[in-house]
Amino acid sequence: GGHSAALQVLLAAAPQTATHADKYGRLPLTLAAMDGHEAAVRLLLAAPGMTAHAGLALEEAALYGQAALVQALLAAAPEAAAEHASRALHKAAEGGHAAVAALLLAAAPGAAVAPINGRLPLHRAAERDHLAVCELLLAAAPATAAVRDDRGCTPLHCVASWGGACMQALLAAAPATAMVADARGQLPLHIAPANNFRSACQQLLDAAPQAALAVDSNGHTPL
């Protein structure tokens, strides 16, 4: 609940409980970070051995869009936080938390090009059509617009599933990706019609009219 006065008393009585995890493996520090309780997080970080867990708290704060807490954690434990900056950025990208993503990119620019499970933060942001995060990631690392994930998908493939606002930004950054096939031989234009995204189909055709004739590994055209 972020009740820092009570927390202070409990930590004084039994400081070792700061490292006690619940049945889901969550520490008090990560629970406080999830809910953005900055005062509680600072108290817990001051407990013996807790700075080593600052990175986990950063990931949780990023996942839940707690920008003020992310900033505090980056300042309070920069080394531990830096080790987790990439995972935190992936979580912020999935959640569409642009303010958090901006803080993480400022602290660790290389996180924009660090894959996790074969995917970049840009794939995750595009897949959920988080335009503000996509724009931040493209500004930090423009070449990521053309990177393929472990399924052979570019970020343009990911946004084609949604037909959303990120498409225009991705096409502007890497127009040639409109003709890049994934592991199934599918172009982004094969994906957009399946979900009845008219505007997405039109944008992809404007970028690459020849995509309308492309045949995937199953012999299917976009039609």
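The paragraphs below go through this predicted model, from the whole chain down to single residues.

The protein chain contains 14 helices and 0 strands. Read from one end of the sequence to the other, its pattern is α-α-α-α-α-α-α-α-α-α-α-α-α-α. Along the principal axes, the C-alpha atoms fill a box of roughly 70 × 30 × 25 Å. The chain has 223 residues, and 45% of them count as buried. Its accessible surface comes to about 10,500 Å², and 57% of that surface belongs to carbon and sulfur atoms. There are 12 positive and 16 negative charges, and the mean positions of these two sets are 4 Å apart.

How do parts of the chain that are separated in sequence meet? Take the contacts between residues at least 6 apart in sequence: 66% of them join residues at least 24 apart. Distance along the chain can also go with distance in space. Glycine 110 and cysteine 201 are 91 residues apart along the chain, and their C-alpha atoms are separated by 33 Å. Glycine 110 itself lies in the loop between helix 8 and helix 9. Its relative accessibility is 46%, so it counts as partly exposed.

The interior comes next. The largest nonpolar core is made up of 67 residues, and Leu104, Leu137 and Leu170 have the most contacts inside it. Leucine 137 shows what such a position looks like. Apart from residues up to four places away in sequence, leucine 137 touches Leu89, Ala93, Leu105, Ala112, Pro121, Leu122, Ala125 and Thr144.

Helix 4 covers residues 54-63, and 8 of its 10 residues are buried, so the helix is mostly covered. Which residues of helix 4 are the buried ones? They are Ala54, Gly55, Ala57, Leu58, Glu59, Glu60, Ala61 and Ala62. These buried residues pack against helix 2 (28-34), helix 3 (38-45), helix 5 (67-76), helix 6 (78-83), helix 7 (85-95) and helix 8. After helix 4 comes glycine 65, which has a positive phi near 70 degrees.

Valine 70 is found in helix 5, one of the helices that the buried residues of helix 4 pack against. Is valine 70 buried or exposed? Valine 70 has a relative accessible area of 0%, so it is buried. With its neighbours within four places in sequence left aside, valine 70 is in contact with Leu58, Ala61, Ala62, Val100, Leu103 and Leu104. Of these, Leu58, Ala61 and Ala62 appear among the buried residues of helix 4, and Leu104 is one of the residues with the most contacts inside the largest nonpolar core. Valine 70 and glutamate 59 are 11 residues apart in sequence, with 8.6 Å between their C-alpha atoms.

Two residues in loops have an unusual backbone angle. Most residues other than glycine have a negative phi. Asparagine 117 is not a glycine, yet its phi is positive, at about 55 degrees. Asparagine 117 sits in the loop between helix 8 (98-107) and helix 9 (121-127). Because its relative accessibility is 65%, asparagine 117 counts as exposed. Aspartate 129 is not a glycine either, and it has a positive phi of about 60 degrees. Its place is the loop between helix 9 and helix 10 (131-140). With a relative accessibility of 23%, aspartate 129 counts as partly exposed.

A loop residue can also be buried, as the stretch between helix 12 (166-173) and helix 13 (188-191) shows with aspartate 182. This residue has 5% relative accessibility and therefore counts as buried. What does the side chain of aspartate 182 reach? It reaches the backbone nitrogen of arginine 184, at 2.8 Å. Beyond its neighbours within four places in sequence, aspartate 182 is in contact with Arg148, Arg151, Gly152, Cys153 and His157.

Threonine 177 is also placed in the loop between helix 12 and helix 13. Its relative accessible area is 4%, so threonine 177 is buried. Not counting residues up to four places away in sequence, threonine 177 touches Ala145, Ala146, Thr154, Leu156 and Pro188.

Conventions. Residues are numbered from 1 along each chain as its sequence is written. This is a predicted model: local features need pLDDT of at least 70, side-chain atom pairs count only at pLDDT 80 or more; totals for chains, interfaces and linings use all residues. Side-chain values use heavy atoms; hydrogens and water are left out. Helices (H or I, at least four residues) and strands (E, at least two) are DSSP runs, numbered from the N terminus. Buried means under 20% relative accessible area, exposed over 50%, partly exposed in between (1.4 Å probe, protein chains only). Contact means heavy atoms within 4.5 Å. Accessible areas come from the Shrake-Rupley method with a 1.4 Å probe; for residues, only the protein chains shown count as cover. Lys and Arg count as positive and Asp and Glu as negative; His and the chain ends are not counted. The place of a charge is taken as NZ of Lys, CZ of Arg, CG of Asp or CD of Glu. A nonpolar core is a set of buried Ala, Val, Leu, Ile, Met, Phe, Trp, Tyr and Cys residues joined through side-chain atoms within 4.5 Å. A polar contact is a pair of N or O atoms within 3.5 Å; within protein, one must be able to donate a hydrogen and the other to accept it, and residues adjacent in sequence count only if both atoms are side-chain atoms.
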